[in-house]
Amino acid sequence: MANKRALSWSAALRDLKDDRTRRQDVREERLRTTAGLRGSPALALSAWRGRSGRRYVVGVHALNEPALDEVGAAVVLAVRRDTAGIAELVSVATSGESPREHLGRTWLSGMRGHGATEMHVHRLAEDEAERAAIADDLSTDTARG
């Protein structure tokens, strides 16, 4: 009546490690916001997981020029959503203190042309070198910009 299965811990740990290695794709991981709290507006926040496994919290904005004025020095992701609400990264770029110089109208219109409707902005990078490293971590073969 013994219906016991022998578990090989080394095999289980190896499978877990292999699973982690396979999952290192760039992807959005939505965050819970303050939407359920009374008296406070919902924060439009999300997070992206890079190829390294690091998580980057972003503010979500419409892909338009007025929002570009408020970006500042940041990593900017152009994003489109499918009908199920799954985010697809279109492009990753960095902006300095004046985003119009780095991104500008041509970037915005190009991203709209590729179907992007949202701009996800990561503002927590210390300097240009860190912004470039984050952009590289979040870039995929199809989302280089």
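Which residue in β3 does Trp-48 stand opposite? The views below lead to the answer, and they come from a predicted model.

**View 1. The whole chain holds five helices and six strands.**
Let us start with the full picture before zooming in. Walking from the N terminus, you meet the elements in the order α-β-β-β-α-β-β-α-α-β-α. The chain has 145 residues, and 34% of them count as buried. Its accessible surface comes to about 9,400 Å², with 52% belonging to carbon and sulfur atoms. Among the contacts with a separation of 6 or more, 62% link residues that are 24 or more positions apart.

**View 2. Six strands form an open sheet.**
Here is a helpful reminder: strands of a sheet pair through backbone hydrogen bonds, either parallel or antiparallel. In this sheet the pairing is antiparallel, and the strands are ordered β1-β2-β3-β6-β4-β5. β1 and β5 (87-95) stand at the edges with a single partner strand each, so one side of each has no neighbour in the sheet.

**View 3. Strands β2 and β3 make a hairpin.**
Strand β2 covers residues 45-49 and strand β3 covers residues 55-62. The two run antiparallel and are joined by five bridges. Now for our opening question: Trp-48 stands opposite Tyr-56 in β3. Look next at the five residues between the strands of the hairpin, and find Gly-53, which takes a positive phi near 100°.

**View 4. β6 pairs with both β3 and β4.**
On one side, four bridges join β6 to β3, and the two run antiparallel. In that pairing, Val-60 stands opposite His-120 of β6. Strand β4 (residues 74-81) also pairs with β6 in the antiparallel sense, this time over five bridges. Here you can find Val-79, whose bridge partner in β6 is Glu-118.

**View 5. Arg-27 sits in edge strand β1.**
Strand β1 spans residues 27-28, and Arg-27 is found in it. Is Arg-27 buried, exposed or partly exposed? Its relative accessibility is 29%, so Arg-27 counts as partly exposed. Setting aside residues up to four places away in sequence, Arg-27 touches Ala-47, Trp-48 and Arg-49. You have already met Trp-48 in the hairpin view, opposite Tyr-56. The side chain of Arg-27 also reaches the backbone oxygen of Asp-25, at 3.1 Å. Finally, try finding Ala-87: Arg-27 and Ala-87 are 60 residues apart in sequence, yet their C-alpha atoms are 7.8 Å apart in space.

**View 6. Arg-131 is a buried residue of helix α5.**
Why does Arg-131 count as buried? Its relative accessibility is 8%, and buried means under 20%, so Arg-131 falls in that class. Leaving out neighbours within four places in sequence, Arg-131 is in contact with Ala-73, Ala-74, Val-75, Thr-94, Ser-95, Ala-125 and Glu-126.

**View 7. Leu-45, Val-57 and Leu-124 form a nonpolar patch on the surface.**
Together, these three residues have about 250 Å² of accessible area. Where does Leu-124 lie? Leu-124 lies in the loop between β6 (118-122) and α5 (128-138). With a relative accessible area of 62%, Leu-124 is exposed. Compare it with Arg-131 in the previous view, which counts as buried.

Conventions. Residues numbered from 1 in each chain as written. Predicted model: local features only at pLDDT ≥ 70, side-chain atom pairs only at ≥ 80, totals over all residues. Heavy atoms only, no water. Buried < 20%, exposed > 50% of the residue type's maximum accessible area, 1.4 Å probe, protein only. Contact = heavy atoms within 4.5 Å. Areas by Shrake-Rupley, 256 points an atom, 1.4 Å probe, with all protein chains shown as cover. Patch = residues over 30% accessible without salt bridge, like charges linked within 9 Å, V, L, I, M, F, W, Y side chains within 5 Å. Salt bridge = Lys/Arg side-chain N within 4 Å of Asp/Glu carboxyl O. Polar contact = N/O pair within 3.5 Å; in protein donor to acceptor, adjacent residues only side chain to side chain. Pairing = 2+ DSSP bridges.
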